[in-house]
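Reader: I've got the model open and I'd like to know what the labels rest on. Can you take me through them?

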Amino acid sequence: MKRFIDLRSDTVTTPTERMRRSMYSAIVGDDVLGEDPTTQELEAKAADLFRKEAGLFLASGTMANQVAILTLCNSGDQVIVHRQSHINNLECAGLATICGVQPRVIDVSGGCWDLSILEKEIYQSGIQTAPTTLLCLEQTHDLNRGIAIPRSHIQEICRFAKNNGLKVFIDGARIFNASIALHETVATLAEDADLTAFCLSKGLACPVGSILVGGSQEVAIARRMRQRLGGGWRQAGILAAAGLVALDEMVERLAEDHQKALLLAEGLLKLGFGINVKQTQTNIIHIDLGIYETNAQTFCKKLAEQSILAKPIGNKEVRMITHKDIKFEDINNVLEEISKLCMSKKIL
Ligand SMILES: *Cc1c(COP(=O)(O)O)cnc(C)c1O
């Protein structure tokens with residue numbers, strides 16, 4: 001089979017040999033009955049890592065987000081989300097349909113929240129108004145840019161939230177990438193949040209899964225919400241086994257993905273593409289085709305003909321994500337192929 005250099009997402013990563021082996025030999029039981037030791041071990045390990053009381057293993061990041069919102073607010077509340085967030089764009093309007101809450105959407109450029117704008121979005125419960133009760137952060141911020149929000153800014157936002165009676169949820173799908181980029185532990189990055197979610201199935205290379213961590217009371221409610229959504233599962237230890245391997249040996253490796261992304265970003269900048277190198281902090285590269293007269297669809301199609309896959313995210317914008325199945329030499333090949341396309345004017 002022909003090998004593609006697949007830069008569309010870090011979700012395409014395949015499980016490692018050790019993951020497959022530990023899945024095969026995992027000790028399992030019925031997790032809905034609280035009898036799956038491997039799932040329990042994973043939940044406890046994640047909670048420990050985040051210095052929280054409890055963890056909950058779920059099928060996906062989307063489910064973790066919906067469960068967290070169901071746990072932290074009531075139907076009829078208002079919830080603050082940022083415009084580019086996964087919750088706001090890519091969850092089939094779950095916020096409206098499953099959670100029954102009203103989103104208050106805020107523009108947050110470069111991961112920097114403007115508290116004076118935020119202040120205007122806070123409503124009290126009144127005869128005509130629904131209360132704002134929850135603020136959702138994303139780490140890394142913006143799935144098309146991967147910006148690591150510094151700890152000091154998270155603290156500032158959380159202090160503001162608490163002062164205004166809001167709970168805080170961090171959709172930390174890529175919080176481990178942020179932790180590596182910022183040289184902070186995930187525990188400090190998630191310190192002030194009521195619940196935090198992270199994905200095992202992206203850069204950490206598991207086949208399936210996300211984990212929610214937080215206080216034991218919140219996680220107990222979340223467990224019931226997961227059940228309500230049909231997300232209670234039985235011998236989940238088969239999947240949790242891969243998660244245990246991921247937390248042991250896939251976290252530090254993320255630093256390499258960031259190095260590969262930076263190499264790619266710098267190379268593309270030299271070729272004249274619009275790249276914000278300063279914002280290329282983790283494994284995501286946001287490319288503006290700018291001076292080239294091509295559009296994102298055509299550009300990605302031309303790349304695909306050279307066995308390179310990237311994701312069009314707008315008329316002139318393309319996203320590339322590095323991950324464990326992309327090698328350093330692949331980055332050179334990608335730059336070479338794009339450079340050839342530019343020179344032969346095939347994409348002009
Ligand atoms: C990928 C992602 C999710 C959803 O995870 P799935 O497992 O694909 O459902 C949620 N939030 C962010 C920021 C993501 O990048």
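Reader: What makes the Arg174 side chain and the ligand a polar contact?

Author: This is a predicted model, and in it a polar side-chain atom of Arg174 lies 3.2 Å from an oxygen atom of the ligand. The cut-off for N or O pairs is 3.5 Å, so the Arg174 pair counts as a polar contact. Asp171 passes too: a polar atom of its side chain is 2.6 Å from a ligand nitrogen. With Gly61 the partner is a polar backbone atom, 2.8 Å from an oxygen of the ligand.

Reader: How do you know how much of the ligand the protein buries?

Author: Take the ligand alone and it exposes 380 Å². The protein buries 85% of that.

Reader: Which residues are around the ligand, and what makes them count?

Author: A residue needs a heavy atom within 4 Å of the ligand, and that is why Ser60, Thr62, Asn65 and His86 are among those listed. The list also includes Glu138, Leu143, Ala173, Cys199 and Lys202. By class, this shell has 3 nonpolar, 5 polar and 4 charged residues. Helix H3, residues 61-72, gives the most to it, with 3 residues.

Reader: Why is the ligand said to sit in the largest pocket?

Author: Sitting in a pocket takes more than half of the ligand's atoms within 2 Å of the pocket's grid points, and the ligand is assigned to the largest pocket, so it meets that test. The volume there is about 350 Å³. The lining comes to 23 residues, with Thr11, His86, Leu143, Arg174 and Lys202 nearest the centre. H3 has the largest share of this lining, 3 residues. The classes split into 5 nonpolar, 11 polar and 7 charged.

Reader: What is the volume of the second largest pocket, and what lines it?

Author: Its volume is about 200 Å³. The second largest pocket is lined by 16 residues, and Gln84, Val108, Asp142, Arg145 and His286 lie nearest its centre. In that lining, 3 are nonpolar, 8 polar and 5 charged.

Reader: How do you know that the bond between Gln139 and Thr140 is cis?

Author: Look at omega: about 0 degrees for the peptide bond joining Gln139 and Thr140, and that bond is cis. Thr140 is in the loop between strand E5 (132-138) and helix H7 (151-163).

Reader: And what makes His183 worth a flag?

Author: Its phi is positive, about 55 degrees, although His183 is not a glycine. Most residues other than glycine have a negative phi, and most peptide bonds are trans, so both flags go against the usual pattern. You'll find His183 in the loop between helix H8 (175-182) and helix H9 (186-189).

Terms used: Residues numbered from 1 in each chain as written. Predicted model: local features only at pLDDT ≥ 70, side-chain atom pairs only at ≥ 80, totals over all residues. Heavy atoms only, no water. Polar contact = N/O pair within 3.5 Å; in protein donor to acceptor, adjacent residues only side chain to side chain. Areas by Shrake-Rupley, 256 points an atom, 1.4 Å probe, with all protein chains shown as cover. 1 Å grid on protein atoms, 1.4 Å probe; cavity = no way out; pocket = protein on both sides within 12 Å on 5 of 7 lines; lining within 4 Å. Helix = DSSP H or I, 4+ residues; strand = E, 2+ residues; numbered from the N terminus. Nonpolar A, V, L, I, M, F, W, Y, C, P; charged D, E, K, R; others polar. Points joined across faces, edges and corners; volume = space filled by probe spheres on them.
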